[in-house]
Amino acid sequence: MSTNYDTDVAIIGYGPSGVAAANALGALGVTAIAFERDHDIYARARAVTVNDWTMRHFQSVGLDQQAKAEMDPTVALRWITYDGAELLRTPFPPGELGHATSYAIYQPALEQTLRDGASRYGDKIRVEYGATVVDVTQDVDGVTVTTRDMVTDEESSVRARYALACHGGEARTREHLGVKLLGDTLDVRWVVIDGKVKRWWPNRHILTFWSDRERPVVDIALGRDNHRWEIPLNPGETDADFDSPEKIWPLLESVGVSHEEIDIHGWAFYSHHIRSAEKWRLGERLFLLGDAAHLMPPWAGSGMQSGIRDAFNLAWKLAGVLDGTLPEIILDSYEAERRPNVDFYTGVSIQLGRIIKQELTPEEQAGLAAAQESGELPPLLWPPTYPAGWFTGISADPMGMPEGAVGRMIPQPRAANVQGLIGPLDDLLGSGFVVLGDNVDPVTVLSPAEKTAWDAIGVRYIAVRAADQATEGPDDVVDIDGTLLAWLRRYGARVVVVRPDRFVAAADSTGLSIPAL
């Protein structure tokens with residue numbers, strides 16, 4: 001096959017996962033061509049939230065501030081009954097990752113921000129709209145993607161080194177290659193109603209779950225002046241029973257919303273899926289991302305976010321393989337890391353759904369109340385972790401959480417460089433690998449063999465100083481808030497190797513050798 005490539009990466013589908021991949025690759029100097037059937041962004045909001053982990057990814061490509069302009073921080077979530085009794089309330093604590101713990105979004109606005117972001121890279125990131133993918137073939141050297149123009153019906157082909165299938169749950173590429181989507185589709189149909197706010201009503205800003213066995217409701221403020229309700233259809237009800245605003249209004253009135261508060265601007269019907277592709281790497285050069293790889297119920301707000309995290313996890317690995325600094329086998333760690341994380345959020349989503357639908361046993365309800373009283377963080381708010389993958393010396397507890405620093409994402413405090421420039425830590429660290437030392441030059445801790453191995457992938461060595469200390473080396477960073485230093489000491493790590501995605505790859509407490517695959 002020809003090794004004359006048109007681009008480094010072909011991106012099939014330009015929804016949230018595809019446009020996230022375009023931004024992540026473009027920021028790393030990787031070229032890509034994306035293929036998308038529709039010229040316009042889907043006008044309906046589907047996802048409703050992003051958290052600080054996802055926002056940190058947007059920060060890595062310089063889009064966090066633009067994204068936040070269309071969002072509102074989420075202050076809490078609560079579970080209430082139709083008679084007004086509050087069953088449970090969970091405030092969103094301040095995050096350690098440099099952003100608010102959670103944000104309410106308006107998905108079309110977020111996707112536009114991401115599309116505008118990808119356009120910064122000019123011809124390095126190209127998008128072919130109105131193109132449907134009709135064939136994908138791969139060989140030892142690359143991938144050939146054949147598309148058909150939806151207007152002219154003409155076919156053309158693009159040759160790439162790798163391809164990412166990001167075109168949603170239908171995933172024609174996955175089906176074309178015979179990859180099975182395992183799991184279930186739940187039999188309950190849901191109507192999702194979007195409205196424009198005309199007048200504030202009490203506690204509109206709190207993410208509310210109306211708990212009820214027959215008609216549970218998700219009631220959530222979106223970004224801008226939008227609001228969303230997700231309501232199940234009862235047995236015997238069909239989409240046709242709710243085919244006009246007059247038939248939709250009684251559903252909203254049941255949760256206290258009237259014509260004075262909102263204008264309905266759309267609704268749609270969905271079924272919830274709990275499904276995952278049997279494999280996410282197809283052959284050597286084709287990967288499934290987002291809904292093409294996995295589908296989960298919406299309760300944890302993690303479906304779209306998981307696809308975005310897929311994209312950023314894979315992008316720095318592809319960039320390293322393409323520039324020769326990382327071995328090709330590191331691409332196997334994409335699924336090894338992302339699948340357990342997606343499974344975790346799928347489980348959280350299912351459990352939240354059981355709370356909303358009042359399916360918990362009395363014992364489970366008592367345990368939930370006890371956890372809340374103790375101040376224990378619910379799983380939805382646990383910090384980002386990977387229990388397996390490209391790490392050295394990782395170990396996990398019975399819950400699958402890493403026991404030490406390895407496999408965890410480092411916090412992001414306010415920091416300063418030696419000249420006194422203050423900003424978020426990530427902006428001072430740069431986009432590559434870094435080795436951080438707790439008040440020590442990390443080079444003095446690594447063995448010669450360890451340093452040689454890390455040097456080969458272009459790491460920076462940085463000593464982290466406390467705010468009441470003087471800097472010593474030209475690359476020192478000052479932890480103004482003390483958050484990072486406290487975190488390192490909590491996990492008994494004096495030196496850590498941090499990957500481009502800010503997860504700890506190795507620590508002196510478990511070994512600083514480069515991860516083996």
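**Figure 1. Strands β5 and β6 pair in the antiparallel sense over five bridges.** The view is taken from a predicted model. Strand β6 covers residues 86-91. Alanine 76 of β5 has proline 91 of β6 as its bridge partner. The two strands form a hairpin with five residues between them. In this hairpin, glycine 84 adopts a positive phi near 95°.

**Figure 2. On its pairing with strand β13, β5 runs in the parallel sense.** Strand β13 spans residues 207-210, and four bridges join β13 to β5. One of the residues to look for is arginine 78, whose bridge partner in β13 is threonine 208.

**Figure 3. Strand β5 is largely enclosed by the rest of the structure.** The strand comprises residues 76-80, and five of the five are buried, so the surroundings largely enclose β5. Buried here stands for a relative accessible area under 20%. The side chains of β5 point two ways: Ala76, Arg78 and Ile80 point one way, while Leu77 and Trp79 point the other way. Residues on both sides of the strand are buried.

**Figure 4. Arginine 126 and glutamate 128 form a salt bridge through their side chains.** Side chains of opposite charge can pair when their charged atoms come close. For arginine 126 and glutamate 128, the N to O distance is 3.0 Å. Arginine 126 has 35% relative accessibility and therefore counts as partly exposed. Glutamate 128, at 23%, also counts as partly exposed.

**Figure 5. A salt bridge joins arginine 148 and aspartate 153.** The closest N and O atoms of this pair lie 3.7 Å apart. Arginine 148 is partly exposed, with a relative accessible area of 28%. Aspartate 153 is exposed, because its relative accessible area is 54% and the cut-off for exposed is over 50%.

**Figure 6. Within helix α11, lysine 451 and aspartate 455 meet in a salt bridge.** The N to O distance between the two side chains is 2.7 Å. Helix α11 consists of residues 448-455. The two residues are four apart in the helix, so about one helical turn separates them. Aspartate 455 is partly exposed at 34% relative accessible area, and lysine 451 counts as partly exposed at 28%.

**Figure 7. Arg281, Glu284, Glu328 and Asp332 are linked in a network of salt bridges.** The view shows these four residues together. A search of the whole structure finds 34 salt bridges.

How values were computed. Residues are numbered from 1 along each chain as its sequence is written. This is a predicted model: local features need pLDDT of at least 70, side-chain atom pairs count only at pLDDT 80 or more; totals for chains, interfaces and linings use all residues. Side-chain values use heavy atoms; hydrogens and water are left out. Buried means under 20% relative accessible area, exposed over 50%, partly exposed in between (1.4 Å probe, protein chains only). Two strands pair if DSSP finds at least two bridges between them.
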